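Subject: Structure for you to look at

Hello,

Here is the structure I said I would pass on. My notes on it follow below.

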Amino acid sequence: MEMICTIVHQLTRNLTIEQIKEQGFADYYVDHTTGLYPVTASGVPFSAATFQSTGDPITDLTEDLAAEQKARTTYDNILRLVKDDPDVYDAIKFLRAREIVHFQRFGEGLRIVQDHLDSRNFYAFNPAFDKMSSNCGCQRKR
């Protein structure tokens, strides 16, 4: 996020009012000047709802995998748009490579979690929460 915001700041800090209007940036300018306000390309503002967490490691790691792929796709699209600007292109290419590594690490984490699950419990219960324990007073049939 910090790198993207820095790139946006560097690209917009010296815009003239004419450039702002010509580039279709006027609506954003009215609300935020050239300040950073994280929104999607379609204008949806960032919110905590962006972060998905259920407490179930399988669900959360799968969500993490999907988020990394979505980010990679976004970076691919940005790279197509900025290929003539090497400073922006190089920074986005770095971020894209990082998303690929994150995707691989989350995949490894998911495989480790799955390898340590009771195969009869693979999708039936939250493995981080529904453990047989004498402390919880619950007993599952096996």
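Contact, as I use the word here, means heavy atoms within 4.5 Å. By that measure Phe-46 touches Pro-38, Val-39 and Phe-51, leaving aside residues up to four places away in sequence. Phe-46 is found in the loop between H3 and H4. Its relative accessibility is 41%, so Phe-46 counts as partly exposed.

Please keep in mind that this is a predicted model. The average pLDDT of the protein chain is 82, and 82% of the residues score at least 70. Among the helices, confidence is lowest in H1 (residues 2-12), with a mean of 81, and highest in H5, with 93. Over residues 133-142 pLDDT stays under 50, and for that stretch the model has 11 contacts beyond four places in sequence.

Overall make-up

The protein chain has 5 helices and 0 strands. Read from the N terminus on, its elements run α-α-α-α-α. Of its 142 residues, 20% count as buried. The accessible surface comes to about 10600 Å², and carbon and sulfur atoms account for 56% of that. Of the contacts with a separation of 6 or more, 53% are between residues 24 or more positions apart.

Cores

In soluble globular proteins, nonpolar side chains tend to be buried together. Which residues make up the largest nonpolar core here? There are 8 residues in all: Ile-7, Tyr-75, Leu-79, Val-82, Val-88, Ala-91, Ile-92 and Leu-95. Helix H4 (57-81) and helix H5 (86-115) each supply at least two residues of this core. The largest share, 4 residues, comes from H5. A second, separate core has 5 residues, including Ile-58, Leu-61, Leu-65 and Leu-117. To return to a member of the largest core, Val-82 touches Val-88 and Tyr-89, again not counting residues up to four places away in sequence.

Helix H1

Cys-5, Ile-7 and Thr-12 are buried in H1. They are on the same side of H1 because they cover an arc of only 160° around the axis. What do the buried residues of H1 pack against? They pack against H5. One of these buried residues, Ile-7, also belongs to the largest nonpolar core.

Aromatic pair

The structure holds 1 aromatic pair. Phe-25 and Tyr-28 form this pair, with 5.0 Å centre to centre and 15° between the planes, and the pair is stacked. Planes under 30 degrees apart count as stacked, which is why the angle places the pair in that class. Phe-25 has a relative accessibility of 19% and therefore counts as buried, as the cut-off for buried is under 20%.

Two single residues

Thr-33 is found in the loop between helix H3 (26-32) and H4. Most residues other than glycine have a negative phi. Thr-33 has a positive phi of about 50° although it is not a glycine. Is Thr-33 buried or partly exposed? With a relative accessible area of 44%, Thr-33 is partly exposed.

Gly-107 lies in helix H5. At 28% relative accessibility, Gly-107 counts as partly exposed. How far is the C-alpha atom of Gly-107 separated from that of Leu-65? The two atoms are separated by 6.9 Å, while the residues are 42 apart along the chain. Leu-65 is one of the residues of the second core.

When you open the model, the aromatic pair of Phe-25 and Tyr-28 and the side of H1 that holds Cys-5, Ile-7 and Thr-12 can be looked up by residue number.

Regards

Note on methods:
Residues are numbered from 1 along each chain as its sequence is written. This is a predicted model: local features need pLDDT of at least 70, side-chain atom pairs count only at pLDDT 80 or more; totals for chains, interfaces and linings use all residues. Side-chain values use heavy atoms; hydrogens and water are left out. Rings of Phe, Tyr and Trp (its six-membered ring) pair if their centres lie within 6.5 Å; planes under 30 degrees apart count as stacked, over 60 as edge-to-face and the rest as tilted. Buried means under 20% relative accessible area, exposed over 50%, partly exposed in between (1.4 Å probe, protein chains only). A nonpolar core is a set of buried Ala, Val, Leu, Ile, Met, Phe, Trp, Tyr and Cys residues joined through side-chain atoms within 4.5 Å. Accessible areas come from the Shrake-Rupley method with a 1.4 Å probe; for residues, only the protein chains shown count as cover. pLDDT is the predictor's confidence in each residue, from 0 to 100. The arc is that of the directions from the helix axis to the C-beta atoms.
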